[in-house]
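Please open the structure in your viewer and keep the selection tool at hand. The stops below go one at a time.

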Amino acid sequence: MEYDDKVKNRIKRLEGQLRGALRMMEEGADCREVITQLSASRTAIDRAIGLIVSNNLIECVREAEENGENSDDKVKEAVNLLVKSR
């Protein structure tokens, strides 16, 4: 699977959020601020996972249809990936 620039940029922003949380910890920031930053990072991870799985699912279903295959297994696999990520 190829990852487009939008997905890569999400991961780069996420990396920045995590570095920010670490910097806050090193500077002795209030724990509520650190938790807020980490919660935002977790939300960003969840959204990135959803985007990657949905893009992959679209690609896999198209390939299955082109090859005359049943795409049900691909859909189940995508759902399992989402569930596992929780």
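The tour covers confidence, salt bridges and surface patches.

Start by colouring the chain by confidence. This is a predicted model, with a mean pLDDT of 88 and 100% of the residues at 70 or above. Confidence is highest in helix α1, at 95, and lowest in helix α3 (residues 72–84), where the mean is 79.

Next, select Glu15 and Arg19. Both belong to helix α1 and sit four residues apart, about one turn of the helix. They form a salt bridge, with 2.8 Å between the closest N and O atoms. Arg19 counts as exposed because its relative accessibility is 54%, whereas Glu15, at 40%, is partly exposed.

The structure holds two salt bridges; for the other, select Asp30 and Arg32. Here the closest N and O atoms are 2.9 Å apart. Asp30 has a relative accessible area of 31% and so is partly exposed, while Arg32, at 62%, is exposed.

Stay on the surface and go to Leu18, which is found in helix α1, residues 5–26. Add Ile35 and Leu38 to the selection: with Leu18 they make up a nonpolar surface patch of about 250 Å² accessible area together. Leu18 itself is partly exposed, since its relative accessibility is 40%.

Finally, select Glu2, Glu59, Glu63, Glu65, Glu66 and Glu69, which form a negative patch on the surface. Where in the chain does Glu2 lie? Glu2 is in the segment before α1. With a relative accessibility of 75%, Glu2 counts as exposed.

Notes
Residues are numbered from 1 along each chain as its sequence is written. This is a predicted model: local features need pLDDT of at least 70, side-chain atom pairs count only at pLDDT 80 or more; totals for chains, interfaces and linings use all residues. Side-chain values use heavy atoms; hydrogens and water are left out. Patches are made of residues with over 30% relative accessible area and no salt bridge: like charges are joined within 9 Å, nonpolar side chains (Val, Leu, Ile, Met, Phe, Trp, Tyr) within 5 Å. Accessible areas come from the Shrake-Rupley method with a 1.4 Å probe; for residues, only the protein chains shown count as cover. A salt bridge is a side-chain nitrogen of Lys or Arg within 4 Å of a carboxyl oxygen of Asp or Glu. Helices (H or I, at least four residues) and strands (E, at least two) are DSSP runs, numbered from the N terminus. Buried means under 20% relative accessible area, exposed over 50%, partly exposed in between (1.4 Å probe, protein chains only). pLDDT is the predictor's confidence in each residue, from 0 to 100. Lys and Arg count as positive and Asp and Glu as negative; His and the chain ends are not counted. The place of a charge is taken as NZ of Lys, CZ of Arg, CG of Asp or CD of Glu.
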